[in-house]
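Biologist: Hi! I've got a structure open and could use a hand reading it. Can we chat through it?

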Amino acid sequence: MGKIVSVQRYLVETQKALPDATGALTGLLWDLTIAFKLIASSVNRAGLENILGYEGEKNPTGDDVTKLDRFSQDTIVRMMEHGGHLCCMASEEEGKIIPIPRRYERGKYVLSFDPLDGSSNIDANVSVGTIFSIHHRRTAEGTDGTLDDVLQRGRDLVAAGYVIYGSSTMLVLSSGTRVDGFTLDPQLGEFLLSHPDIRIPQRGTIYSTNEGYEAYWDERTRKYIAWVKSREAGPYKARYIGSMIADVHRTLLYGGIFLYPKMFQRSGRGEAKLRLLYEAAPMAYIVEKAGGIATTGEEAILDIVPEELHQRVPVITGSPHCVNEYLAFYRGERA
Ligand code: AHM
Ligand code: MG
């Protein structure tokens, strides 16, 4: 039988291994785990508390906001704004950066998050999740954080991860060296290390995409998908939940490829769906740290310098072998 390691112990041990660590990142991550537990407990009781259903508002990119989205948003803000670790926050649910109230200290980190990704699936009891990422601030310490602090490349992240509220609640986290997964013991209320050092399989045979939009894709992506279904070695299996966290989490554990390419609708201008700061970059960080690839087809997602808070990018990510196969089609090397 292996060791039992709580997330608290793990964070302290990880900090000890970094000679310059002051404990601020450990404190920040620890506070976040409390917010995740609060959200997990609400997500699990959602039907009972009669808080399901649409609130009727739209978020900054035009999607409906559910009550649990709002609850998750408020929980993270209320948990994180007074800790003294952050200079500002940014959320998929807010149009502008979220300042730290005057009465609290400003810290050296920036937190970006999607409080409840995949929330349109909640009424059907499908897995949803929280995605988060942490950068060092770029502006002077002690001052209010600015847009400049938030608009940083995924490559410069200090830590990122996600929580999946599924058949069990799992936290998947990386602070740069490796990716570790923790499962919430609901009786104990603790995240325990259950998936140490997650490595994505080099190759896999599952593809995951919303094939209903095939008519909107570019020709090369269409050819690639036609190929995965007609391979001599046997077709890939299709799996698509429609909740990025769940689809990417499965890809991380079982291998394969997840694609949300640009869509070319009548306007002719290609448009992506997933948000760089809150969805694409943190998930790309986890996949890369686990040995996978995350690309737009043109460039590594982690290399994109965000120009605006709600920028959207294509996401093609997964096992290196599978993503390289996609890239061969996308670059026209295969047809
Ligand atoms: P959300 O942030 O509004 O929940 O939207 C993001 C979600 C992702 O989790 C998922 O990959 C994607 O939207 C599914 O989109 P579609 O329904 O177009 O396939
Ligand atoms: Mg989202």
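Biologist: To start, is Asp117 buried or exposed?

Modeller: Asp117 counts as buried, because its relative accessibility is 6%. Buried means under 20% relative accessible area, exposed means over 50%, and partly exposed is in between, using a 1.4 Å probe and protein chains only.

Biologist: What sort of model is this, and how is it numbered?

Modeller: This is a predicted model, where local features need pLDDT of at least 70, side-chain atom pairs count only at pLDDT 80 or more, and totals for chains, interfaces and linings use all residues. Residues are numbered from 1 along each chain as its sequence is written, chains are lettered from A and ligands numbered from 1 in the order in which they are written, and side-chain values use heavy atoms, with hydrogens and water left out.

Biologist: Cool. Which residues are the protein donors of the magnesium ion?

Modeller: For the magnesium ion (ligand 2), they're Glu92 (OE), Asp114 (OD), Asp117 (OD) and Glu279 (OE), lying 1.9 to 2.5 Å from the ion. Donors here are N, O and S atoms within 2.8 Å of the metal (3.2 Å for Na, K and Ca), and sites may look incomplete because water is not among the atoms.

Biologist: What spacing do those donors follow along the chain?

Modeller: The pattern is E-x21-D-x2-D-x161-E. Asp117 sits in strand β5 (residues 109-117) and Glu279 in helix α7 (residues 276-289), so this pair ties together parts that are 162 residues apart in sequence. Helices (H or I, at least four residues) and strands (E, at least two) are DSSP runs, numbered from the N terminus.

Biologist: And Glu279, buried or exposed?

Modeller: Glu279 is at 1% relative accessibility, so this residue counts as buried.

Biologist: How many residues surround ligand 1?

Modeller: There are 18, and the closest are Asp117, Gly118, Tyr240, Met244 and Tyr260. A residue is near a molecule or strand if one of its heavy atoms lies within 4 Å of it.

Biologist: What polar contacts does ligand 1 have with side chains?

Modeller: Among them, an N or O atom in the Tyr240 side chain is 2.5 Å from an oxygen atom of ligand 1. For Asn210, a polar side-chain atom lies 2.7 Å from an oxygen atom of the ligand. Glu279 turns up again here, with a side-chain N or O atom 3.0 Å from an oxygen atom of ligand 1. A polar contact is a pair of N or O atoms within 3.5 Å; within protein, one must be able to donate a hydrogen and the other to accept it, and residues adjacent in sequence count only if both atoms are side-chain atoms.

Biologist: New topic: where does Arg106 lie?

Modeller: Arg106 is in the loop between β4 (98-99) and β5. With 13% relative accessibility, Arg106 counts as buried. The side chains of Arg106 and Asp144 are joined by a polar contact of 2.4 Å, and a polar atom of the Arg106 side chain lies 2.6 Å from the backbone oxygen of Tyr104.

Biologist: Let's do sheets. What's the strand order in the open one?

Modeller: The order of its 5 strands is β12-β11-β13-β17-β16, with mixed pairing. The edge strands, β12 (237-238) and β16 (293-295), each pair on one side only. Two strands pair if DSSP finds at least two bridges between them.

Biologist: How many bridges join β13 to β17?

Modeller: Strand β13 (residues 257-260) and strand β17 (residues 315-318) run antiparallel and are joined by 4 bridges. In β17, Gly318 is the bridge partner of Ile257.

Biologist: Which helices pack around there?

Modeller: One of them is helix α6 (residues 244-254), which packs on the sheet and touches β11 (206-208), β13 and β17. Contact means heavy atoms within 4.5 Å. Then there's helix α8 (residues 320-330), which is mostly covered, with 9 of its 11 residues buried. The buried residues of α8 pack against α5 (219-229), β13, β16 and β17.

Biologist: Last one: what's the phi of Asn125?

Modeller: Phi of Asn125 is near 60°, a positive value in a residue other than glycine. Asn125 is in the loop between β5 and β6 (128-136), and its relative accessible area is 73%, so Asn125 is exposed.

Conventions
Axes fitted to C-alpha atoms, helices over the stretch in contact; angles between N-to-C directions.
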